[in-house]
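Here are some notes for your review. They cover the annotated domain, the ligand shell and one helix.

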Amino acid sequence: KNLTTQLANVTFDGPLLNASGIHCQTSAELADLANTSNLAGIVTKSATLFPRKGNENPRYHDLPYGSINSMGLPNLGYPFYLDYVQQEKAKPTILSVAGLSADDVIEVLSDIQDSKYQGITELNLSCPNVPGKPQTAYDFVATRKVLERVFEFFTKPIGVKLPPYFDLVHFDQIAAVLNDFPITHVNTVNSVGNGLVVDVAKEQVVTKAKGGFGGLGGAMILPTALANVRALRQRLNDNIAIIGTGGVTTGADVFAHILCGADMVSVGTQVIKEGLGVYDRLTQELEALMTEKGYERLADFRGQLREL
Ligand code: RRO
């Protein structure tokens, strides 16, 4: 099989990535990803202007049907990750950055622009877990404003990480904004923000920050993720690639993301549940399914979802 796929100026050996935030915060974790077979590229933990410890524990909780997290953007600060992506040679990287303000974003991206890094950057406009900070990409005016500022000076490949949308009008609105800018890709979806998991035995929440409200991931969000990949593929310019993220637990789920139009697919919660061996299993399952269906390459079925 030929599972190669393209994003911006980069060819990846296969479709699978780690979801940002998953096993990608420290040098040791990033080294593990470099050594993980069938992981075609590495996405770094969203990095901010200054290092952050993140929210108080507990801040990640495993569920039978997924996960809830309220990490609060813990990271080593963007210079660490910018240095890392310039060292890493084993596989392509995507440098994820986030800001607590538009000014922070511009400062971080200015340094990336001035650096030697020629790889892909991804601007996270959708972190749900910083107390007092809304998810930027739910504000279409604010999103347009920050992208206008970015593209006044930024000439390297850059995409955006989006939150899930739940109304067709919102897909129209975000696509209308994004189609006005030379972004390389969108990564959809971030966790489903501000869910609330209730431990009935204890009569309490399961994560500490924000009164227990946190981002949902894993199997329970697969239909939401697929809807976002599909709806954005139907609305975005052809030259904007899509990374499908959300709810992948099997090779069939990877196939479904690609069928909805994803160029690449990233895996989060299931890596925490199963370990880094998940990428081998997903690849075997995807290839078996492709064989069964008579497909040789991802382009044979990408975006080909049928309607009734
Ligand atoms: O660190 C987090 O709490 C976090 C981030 Br930045 C994000 O983008 N998505 C998420 O589920 N958690």
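1. Over residues 3-290 the chain is 33% helix and 21% strand. The end C-alpha atoms of that stretch are 10 Å apart. Bear in mind that this is a predicted model.

2. The range comes from a record. UniProt, in an unreviewed entry, places the feature "domain: Dihydroorotate dehydrogenase catalytic" at residues 3-290.

3. Next, the ligand. It is surrounded by 15 residues. Met71, Cys127, Asn129, Ser191 and Gly215 are the closest. By class, the shell holds 10 polar and 5 nonpolar residues. Charged residues are absent from the shell.

4. Now helix α9, residues 278-293. Its 16 residues reach 22 Å from first C-alpha to last. That is close to the 22 Å expected at 1.5 Å a residue.

5. Which residues of α9 are buried? They are Val278, Tyr279, Leu282, Thr283, Leu286 and Met290. These residues lie on the same side of α9 because they cover an arc of only 125° around the axis.

6. What do the buried residues of α9 pack against? The partners are one strand at 16-18 (β3), another at 264-267 (β16), and the helices α7 (251-259) and α8 (269-274).

7. The face of α9 turned away from the buried side carries exposed residues. These are Gln284, Thr291 and Glu292.

8. Check the backbone where the helix ends. Just after α9, Gly294 takes a positive phi of about 80°.

Terms used
Residues numbered from 1 in each chain as written. Predicted model: local features only at pLDDT ≥ 70, side-chain atom pairs only at ≥ 80, totals over all residues. Helix = DSSP H or I, 4+ residues; strand = E, 2+ residues; numbered from the N terminus. Expected span 1.5 Å × (residues − 1). Buried ≥ 20, exposed ≤ 12 C-beta atoms within 10 Å, placed from the backbone. Arc of directions from axis to C-beta. Contact = placed C-beta atoms within 7 Å. UniProt positions renumbered as here; feature names shortened; annotations may be inferred. Near = placed C-beta within 6 Å. Nonpolar A, V, L, I, M, F, W, Y, C, P; charged D, E, K, R; others polar.
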